[in-house]
Structure formats: structure tokens, C-alpha cells
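Reader: I have a new model open and would like to learn how to read it. Could you walk me through it?

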Amino acid sequence: MSAFSATDHAMMARALRLALLGAYTTRPNPMVGCVIARGEEIVGEGWHCRQGEPHAEVLALDAAGARAKGATAYVTLEPCAHTGRTGPCADALVAAGVSRVVAAMRDPFPQVDGAGFDRLRAAGIEVGAGLMEAQARALNVGFLSRIERGRPWVRVKLACSLDGRTAMADGDSKWITGQAARADVMHWRARAGAILTGAGTVLADDPSLTVRFDTPREFVPPLRVVLDPGLATVARGKVREGDAPTLYLHAPDAKVPRELRADRAPAPVKGGVFDLDAVLALLAQREINEVHVETGATLAGALLKAGLVDDLLLYVAPVLLGDGARPLFGGLDFTRMAQCLRMELVETVRVGDDLRLHLRPCAEPVAAP
């Protein structure tokens with residue numbers, strides 16, 4: 001890694017902020033920002049907004065015009081070197097005459113993966129990589145998970161009381177958390193490629209699983225995914241309504257109603273329950289980067305027990321629901337402290353009267369007792 005100056009850091013930080021502007025619209029593409037600078041002067045900048053539209057480098061070069069010649073391009077991801085829906089950004093940088101390219105990280109996408117850097121170096125352009133790489137990887141955890149692991153990044157959102165309960169014994173849970181927390185959830189939904197739930201949640205709570213903002217803003221509606229082995233929910237529910245698409249995943253032997261018009265696909269079942277690894281692989285094949293899970297204790301517990309939860313968003317309300325109320329996770333029948341799953345606390349944020357805990361599992365998948 002070459003040495004980077006304070007100006008390099010400032011420009012890359014700006015490029016990362018620009019990339020984040022595409023958080024609700026770029027998928028399945030990664031979020032990318034680009035700054036073209038001559039010393040400390042920014043002469044052009046841009047960010048990738050949506051699939052099929054110009055990439056960040058092209059927009060920044062267009063803004064810079066002739067001043068791009070001899071300048072430094074700061075980009076949050078290795079410039080592409082292949083022709084897809086748009087042309088190669090590496091070629092555009094070469095044609096513009098930039099003298100130096102600084103990238104936060106290499107692009108693991110097979111059609112790029114170092115080829116962009118090679119093309120730039122072959123044209124005599126100085127290339128530096130690895131500046132603020134941790135921040136760049138955090139920005140695109142979903143895209144990187146799909147490319148590197150073959151499955152989306154899984155984020156489970158739950159709301160609970162101070163005593164760790166999610167609903168009363170009869171299922172009543174409206175509302176544990178306040179309006180501010182419910183509005184905050186919309187931002188997490190909006191950046192996801194899919195919102196996943198189970199048939200039990202659809203039957204019990206009738207959620208719409210849509211993105212609703214108080215003020216107008218641009219976003220691409222996430223795919224709503226219902227795990228429904230017997231297709232028991234296809235004739236009912238708000239999850240079928242609105243502009244957002246819905247996908248029903250069912251058991252291979254499920255009887256498909258002749259009148260079903262929604263998108264559906266069979267998913268493998270093991271021991272009477274969905275093979276969750278296979279479910280995530282199926283969603284990755286549909287170019288889903290991030291899966292946002294809003295469901296009950298059974299599915300949430302199954303994902304956690306299988307080691308498939310990457311992020312846990314836990315909204316904690318200052319209320320007590322009592323011993324008879326429902327727990328956060330089902331199926332975690334630990335009997336010894338050695339079996340306990342420890343969580344890393346990434347962030348704590350107060351949202352209205354509630355707390356949002358951002359947690360990540362920091363241990364191996366839970367072993368059976």
C-alpha cells in the first residue's frame with residue numbers, strides 16, 4: 001500500500017459520503033462514489049445512482065471536463081474493466097487523462113477483480129489502493145457478501161421490552177416501541193434488497209413490509225419474501241398489496257393454487273423446515289445483497305442457530321411485559337453457560353424514547369445441547 005496524504009484521506013472520505021447517497025437505489029450494484037481533484041481542489045464528483053445508469057467515475061469525469069487531465073481520481077471501489085450495461089470506467093479514466101487513481105478497495109466481482117487496476121497501470125496511470133478500505137467494505141457489506149460468500153448479508157430486526165419480550169402471550173405487540181423507532185426502521189428496510197418474513201408472521205400480524213417515509217425520497221422498493229412451505233398465505237395479507245414485488249418460497253411438494261399470480265419458487269426443505277442456507281443462496285442468485293428480516297421468534301432463532309445472522313438490530317423500549325410474554329428467539333435451548341452465544345455491541349443509539357442496539361454474533365454458530 002502506498003503512503004496516502006491528509007488530502008487523500010479527505011477526498012476519499014468525501015467519495016464515501018457521496019457513495020452513500022445511492023444507498024436506497026443502487027442495488028444490486030454496489031454503492032460507489034468518485035471525486036476528481038487537482039490537489040485540494042475538487043473539479044468533479046459523482047455517485048452511482050442505479051443499475052444501468054452511469055457509474056460514479058463517468059459522472060465525476062463529465063463534471064470535471066478538461067480539468068480531469070492530470071488530476072487524481074478518488075473512487076471507493078476499483079474501476080470496472082468490463083462492458084456490462086455501461087462501458088468500462090477504467091477506460092474512461094484513461095481517456096480523460098487522469099494521472100493518478102486512488103481506490104479504497106479492490107472489486108471482488110469476477111469480471112473486475114484487479115483487471116481495472118491492471119488496465120490503469122498499463123496506461124501509465126499511478127494506482128494506489130487500500131485507502132479507508134474498512135469503511136468502503138462496511139459501506140457495501142451486502143454486495144461483498146453476495147460475491148465473496150455466495151449469500152446475502154442477513155440483518156434481523158427485532159423490537160423488545162426491557163425484559164426481552166416481543167409480544168404478549170396472545171401475540172399483541174402494537175406498539176412496543178415508539179413512532180421514532182418505527183420510522184428509523186424504514187431506512188433499514190429501504191437499503192435492503194429483500195425483506196424476509198415467515199408465514200406465521202403474515203397470518204398473525206398481517207404486515208405490509210413496505211417502505212414508508214414521512215417525506216418523499218427516491219428508493220427502489222425491496223422484494224418482499226415470504227417463507228411459506230404450504231402456500232397458506234397467498235390468498236390473504238397486505239404483503240400482496242402495493243407496488244413492492246412479493247416472492248413466495250414454498251416446499252417443493254406444495255400444492256400451488258391455480259389462481260396464484262405472484263412470483264414463487266420452490267426451496268429445499270430438511271426435516272420439515274426450510275434449508276435456510278439454500279434459501280439465502282436462492283436469493284443471492286436473484287442478486288439480493290442485503291436481506292432484512294422481520295419475523296417471529298421461530299425463524300429468528302433458526303437463523304441465529306444456523307449462524308446466518310450477520311447483524312441484529314434490537315430496538316429496546318422502556319417497558320416491561322412480564323413472564324408470560326413471548327421471547328426474542330425460539331429454539332435456543334441452552335443448558336450451560338458454555339453454549340451461550342455472545343454478541344458484539346457495534347453501536348447504541350437513542351431513537352425517541354427507545355434504544356437501538358446494533359449487535360453482531362461474535363462466536364461460532366450455536367451447537368446443539
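**Reading the fold**

Author: Happily! Buried residues, meaning those under 20% relative accessible area with a 1.4 Å probe and protein chains only, make up 51% of the 369 residues in the protein chain. This is a predicted model, where local features need pLDDT of at least 70, side-chain atom pairs count only at pLDDT 80 or more, and totals for chains, interfaces and linings use all residues. Residues are numbered from 1 along each chain as its sequence is written, and side-chain values use heavy atoms, with hydrogens and water left out.

Reader: How many helices and strands are in the protein chain?

Author: Helices (H or I, at least four residues) and strands (E, at least two) are DSSP runs, numbered from the N terminus. Here the protein chain has ten helices and 18 strands. Its radius of gyration, taken over C-alpha atoms, is 23 Å, close to the 21 Å from the globule rule (2.2 Å times the number of residues to the power 0.38), so the chain is as compact as a globular protein of 369 residues.

Reader: Which strands pair with β18?

Author: Two strands pair if DSSP finds at least two bridges between them. Strand β15 (residues 311-316) pairs with β18 (residues 354-361) in the antiparallel sense over five bridges, with Val-316 opposite Leu-355. Strand β17 (residues 343-351) also runs antiparallel to β18, joined by eight bridges, and Met-343 stands opposite Pro-361.

Reader: What do β17 and β18 form?

Author: A hairpin, with two residues between the strands. In the turn, Gly-352 has a positive phi of about 65°.

Key
Buried means under 20% relative accessible area, exposed over 50%, partly exposed in between (1.4 Å probe, protein chains only).
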